[in-house]
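Okay, thanks for making time, everyone. I'd like to walk you through one model and how its helices pack. Let me put it on the screen.

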Amino acid sequence: MTAIGLVLITPLLWMVFTSLKPMEEIVRYPPTFFPEKIVWQNYLDTITAFPFWRYARNTLLITVLVVFGNVLSNSFIAYGFAKLDFPGKKLMFALVLSTMMIPGFVTMIPQYVLFSKIGWVGTYLPLIVPSFFGNAFNIFLMRQFYLSINDELIEAAEIDGANHFYIWSRLMLPLTKPALITIAINSFNAAWNDFLGPLLYIQDQEKYTLQIGLQVFQNQATTQWNYLMAGATLVLIPTILMFFFAQRYFIEGMDLTGGSKG
């Protein structure tokens, strides 16, 4: 496992070390892995080379709303599939799971046509609004957690006069915190690192995200690889920090075979 881990982390280390090298050392042949001269100034120059903070603000806005939408919608939908009885529930749940077999590239053009006809192209709405309508994998994950919670809790709450919205928000959500954090981490990574979505729908340079900003920066006349690697490292830091601090909850959230809760 250590050997595999070292192989997988090598590209990340190469990016970090390249971000600390002067340009003349990067283009030297044969290349060197470790920097002979560490240049921290590359990070300061990168922030001023293109509108880094503006793009970071745009990316953070989209990411926060996407995480909120995914946590809210998937937990609410999954509660209905797990704890409510209604006609056609099994068929509807099977249809939801079947959407996992449809590649995203298949629906890309129909979605673009739809968002274009309703005037959403050029805004953040195509990137944010779909997160409020659920995701098949996240619904499945939350449903498995809800099924591990004893129904006696719900029955006791109903006897006390609680409705299902109260039960979901006050009883179910606190008991499923690991799954919620898992959904939040996955949603954060997907939204923060999304390149194709903003590339399709964002046309105004003022609304670019960090991923698009780095691509535009790379496509300039002369690519400053040390600045580009420094920018990529800065973009990657929030993802690493989130996984590092929430790793325990992420592992618990992916355990679909745990014992009963409550």
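Before the first pair, one bit of vocabulary: a crossing is called left-handed when the near helix is turned anticlockwise from the far one by less than a right angle, and right-handed when the turn is clockwise. And keep in mind that what you're looking at is a predicted model.

So, with that in hand, look at helix α5, residues 89–98, and helix α8, residues 136–147. Their crossing is left-handed. Who makes the contact? On the α5 side we have Phe93, Val96 and Leu97, and on the α8 side Ala136, Ile139, Phe140 and Arg143. Sorted by class, that contact comes out as 6 nonpolar, no polar and 1 charged. As for the geometry, the axes are 8 Å apart and the packing angle is about 130 degrees. Angles over 145 would count as roughly antiparallel, so α5 and α8 go down as oblique to each other.

Stay on α8, since there's a second partner. Helix α11, residues 177–192, packs with α8 at about 170 degrees, and the axes are 9 Å apart. That angle makes α8 roughly antiparallel to α11. From α8, the residues involved are Asn138, Leu141, Met142 and Phe145, and they meet Pro178, Ala179, Leu180, Thr182 and Ile183 in α11. The split here is 7 nonpolar, 2 polar and no charged.

Next, further along the chain: α13 and helix α14, where α14 covers residues 225–245. These two pack at about 175 degrees with axes 10 Å apart, and so they are roughly antiparallel. α13 brings Leu210, Gln211, Leu214, Phe217 and Gln218, while α14 brings Trp225, Tyr227, Leu228, Gly231, Ala232 and Val235. In class terms the α13 and α14 contact has 8 nonpolar, 3 polar and no charged residues.

Okay, aromatics. How many aromatic pairs does the structure hold? The count is 20. Let me pick out Tyr55 with Tyr208: ring centres 6.1 Å apart, planes at 50 degrees, so that pair is tilted. The pair ties together distant parts of the chain, as Tyr55 sits in helix α4 (residues 52–83) and Tyr208 is in the loop between α12 (196–201) and α13 (210–218), 153 residues apart.

A backbone detail for those of you who check omegas. Is the peptide bond from Tyr29 to Pro30 cis or trans? Here the bond is cis, with omega near 0 degrees. You'll find Pro30 in the loop between α2 (23–26) and α3 (41–49).

Last, zooming out. The domain assignment gives domain 1 as 12–42 and domain 2 as 51–224. Between the C-alpha centres of domain 1 and domain 2 there are 38 Å.

That's my tour; over to you for questions.

Conventions:
Residues numbered from 1 in each chain as written. Predicted model: local features only at pLDDT ≥ 70, side-chain atom pairs only at ≥ 80, totals over all residues. Heavy atoms only, no water. Axes fitted to C-alpha atoms, helices over the stretch in contact; angles between N-to-C directions. Helix = DSSP H or I, 4+ residues; strand = E, 2+ residues; numbered from the N terminus. Parallel < 35°, antiparallel > 145°, perpendicular 65-115°, else oblique. Contact = heavy atoms within 4.5 Å. Nonpolar A, V, L, I, M, F, W, Y, C, P; charged D, E, K, R; others polar. Domains from an automatic or database assignment. Phe/Tyr/Trp six-rings, centres within 6.5 Å; stacked < 30°, edge-to-face > 60°.
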